[in-house]
Structures are given as C-alpha cells and as structure tokens.
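Let's take a walk through this protein together, one piece at a time. Have a look at the sequence and the fold before reading on.

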Amino acid sequence: MQENISNYVLSLIEKSSPESTAWNIETMRAGGKASWNYVDGCMLIALIEMSKILKDDRYLDFVISFVDSFVSEDGEIRTYRPERQTLDDVNEGRVLFPLYEKTRNEKYRLAAERLKKALDTQPRTYEGNFWHKQIYPDQVWLDGVYMAQVFLAQYEKHFGAKDYSDIARQISVVRRRMFDEEKKLYYHGYDASKKAFWADPESGKSKSFWLRAMGWYAAALSDLIEVLPEGCEKKMIAELLSEMMEGVLSYRDEKTHMYWQVVDQGGREGNYVETSGSSMIAYAMMKGARLGAIDKKYAAKGLETFNGIVKNHLAFVGGDIELTGICLVAGLGPENNRRRDGTYEYYISEPVVKNDAKGVAPFVMCYTEAIRVTDPE
C-alpha cells in the first residue's frame, strides 16, 4: 500500500504544472485559474516532507519549479493580492523558508518579507487577533491559525527577532474564546463584536464543532511545536495540543477510527465520517507524538485513523487513487450568505465529493507522518 500511495503522489506531480494541478480537480473543472493559494501550499509542504523521508529529489524539484513560476526575482508573488487581507493566502508562504535554506536564493526571503508586511497591516480584533479575512470583520476562525501563525513562527525563526509572544497570545485568546470546557472541543468561529448573524449574542461563538476547522487548528499546533524553540510558548502549545487530542479522541468512530463531520454528533442522521478533517487530526496526533509533545499513544491512534481512511475511503482505480468522503467547502457567512449559519443542518448539507484538493493535500500530509510511524529512520 505504501508503494502504491507513493507512486500515486509521484503521478500527481507528473501530471501537474503551476497552471493546472492534478490535485485541485474541482477548481480546474470549474475553469479556475492558477493562483497562490492555501491548498497548493499544503500540498507543496507535504511534497517537501516526502522528499526528505524518501530521499527523492523529484518531489523537491517540483516544488522549486512550482514556486518559481509565482515568485519573481524581486520577491513579487504572481496573483497574490495583499489588499484582500485574507489569511488563507499566507499559508503557501511556508514553503519559502525551506527553499531559502536549500538554495539561499534571495527572492524567497523577499517574498516572505512581502507576506510578513501584509500581515503587519492585517486588521485585528480588540484583543489583538487577526481577522480571518477583510470580508469577515472581527471574526476569528480556527483555520486562520493554520494559515498565518505557522508562517509567522517560521518568519521569526529565520528572519525576525525570534519573538513568538504575539503568536502565543493570539492562540491563548482562541483557547479562551472558542474552547468548550464541557465537550473539550473548539467551535469553528468566534466573532469578537458578537454582531455576526451566526454568532451567539453573549459569547460570540459559532454553533457547532466542524471537523476540518478543528483539523486545521490541530495541524497548526503540531507544526508550531516543530518550529518554536524550547520555552514557555512551546510548552503552552504542547499543552493545548494534548488537551485537544484527548478531547477529540473521545468522539472517534470506533468502527472506522475516523472522525465525524460534526464532531460531537456521531451517528446522528446525515452525519458522516469525513476524510480531510480525519487526515489532519491523525497528522497532528502522529506528529505531536513524534516530537514528544503529547503522549506516545497518539502515534498509534493517529495511524489507526490513517488506516481507517485507507480502508474506507481510498480505492485504486485504473492506476489512480480515488479519495472519497471529502466535504467540499464550509464556512460562516458572510452576511449575504445566511445559509452558512454554523448549524448542524448547514454542515451536513454541503456537498461530499471525491479527489478534491482540500482532502487530497491533508491526506498526503497525513501520509508523511504515517511513513515516519511505520518506518522510522
């Protein structure tokens, strides 16, 4: 199976170019144009890890070629529009740091500087947390922690003053405002102004626990643990990851070892075990355990989930892989889209698709950690 998946990932990059990626099927079918985006960022990060683990330069060579098609010699990033002020567009910048380390090409540092300057002007809530996007005023979403905070930590480590206090403070606000002490789960979003139609008028929280949002957040915590130096910030992040993994594990479907689209509503009519979020929870468990941040038992638990995805939602069809059970998209608002209200009924109403990039990229991320568990160096 490992060889089949590795060959599949290689086939993806062989079929891909910066203008048309084999994993971003939904976007390409809809006539979407190539852009600097978070999904490609996830995939490129995973490919860099594949290159390290398998000692195969084909993965890294593809990443360099891909990024070079977007980043010019002066560090300008093609299609990136800082005026949109969306955290999603920062995530792909994470690949700039390993490429700079590998090549010492200044354009990667200059591109990272551009993204950092954009974050310096990102609107913030009254407590200092980034707005998720300009079109979502005063809103903090779990996904935004993955999209921006890991990049910021890498920037501080490589080019900054190694000051991680703002990152830790923003995450501490997320814990205080978005964690449910009784259920031990995180809500998808929080509106600091408490004005959004989906927000609780007293707490500002959204209504449900969406798996993929929690997956992004868990992945962010595990990635931050890898970046941060020893000290109080790293200790806090490790404690939050441990707390989160303990909470979410209690909601796991014991038949498939996967997690539910609406995490705490397992077995409820319409709910289903979802592939992308399960991949990221498993990724965070295996990586957190590998780095010594959480109990070693989570390496086995994460691998069980990975194997559950392979057994229940992965099939080889004519030499290609078909990955199913992926929520196409979900969000909160904006005001002119009140269907996205954060309720259980909303989350289960979004299309469930196969081979979408938002599932393929997290699955490959998860696969890199599964390799490390099953074949440690």
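A good place to begin is a pair of strands: β5 (residues 314-317) and β6 run antiparallel to each other and are joined by four bridges. Keep in mind as we go that this is a predicted model. One of the partnerships here links Ala315 with Glu322 in β6. Two residues sit between the strands of this hairpin, and Gly318 has a positive phi there, near 60 degrees.

Now look at the two sides of β6, which spans residues 320-323. In a regular strand, side chains alternate between the two faces of the sheet. In β6, Ile321 and Leu323 make up the covered face, while Asp320 and Glu322 are on the uncovered one.

Next, the interior. Nonpolar side chains tend to be buried together in soluble globular proteins. The largest nonpolar core in this model counts 141 residues, and Tyr186, Tyr217, Met245 and Phe306 have the most contacts inside it. Helix α9 (residues 211-227) is the top contributor to this core, giving 12 residues. Which residues does Phe306 touch, leaving aside those up to four places away in sequence? They are Ile5, Ala282, Met286, Phe363, Cys366, Tyr367 and Ala370.

Let's move on to how helices pack. Two packed helices are described by the angle between their axes and the distance between the axes. Take α3 (residues 38-54) and α14 (residues 357-374): their axes come within 9 Å and cross at roughly 20 degrees. An angle under 35 degrees counts as roughly parallel, so that is how α3 and α14 lie. Their crossing is left-handed. Among the residues that meet here are Cys42, Met43 and Ala46 in α3, and Val360, Ala361 and Val364 in α14.

For another pair, go to α7 (residues 142-158) and α8 (residues 165-178), which pack at about 165 degrees with axes 10 Å apart. This angle makes α7 roughly antiparallel to α8. The contact involves Leu142, Val145, Gln149, Leu152 and Ala153 from α7, together with Ile167, Gln170, Ile171, Val174 and Met178 from α8. The crossing of α7 and α8 is left-handed.

Last stop: Val248, found in helix α10 (residues 232-249). Is Val248 buried or exposed? With a relative accessible area of 1%, Val248 is buried. Not counting residues up to four places away in sequence, Val248 touches Lys184, Leu185, Met214, Tyr259, Val263, Ile281 and Met285. As for Gly267, it is 19 residues from Val248 in sequence, and their C-alpha atoms are 16 Å apart in space.

How values were computed
Residues numbered from 1 in each chain as written. Predicted model: local features only at pLDDT ≥ 70, side-chain atom pairs only at ≥ 80, totals over all residues. Heavy atoms only, no water. Buried < 20%, exposed > 50% of the residue type's maximum accessible area, 1.4 Å probe, protein only. Pairing = 2+ DSSP bridges. Core = buried A, V, L, I, M, F, W, Y, C linked by side-chain atoms within 4.5 Å. Contact = heavy atoms within 4.5 Å. Axes fitted to C-alpha atoms, helices over the stretch in contact; angles between N-to-C directions. Parallel < 35°, antiparallel > 145°, perpendicular 65-115°, else oblique. Left-handed = near helix turned anticlockwise from the far one by under 90°.
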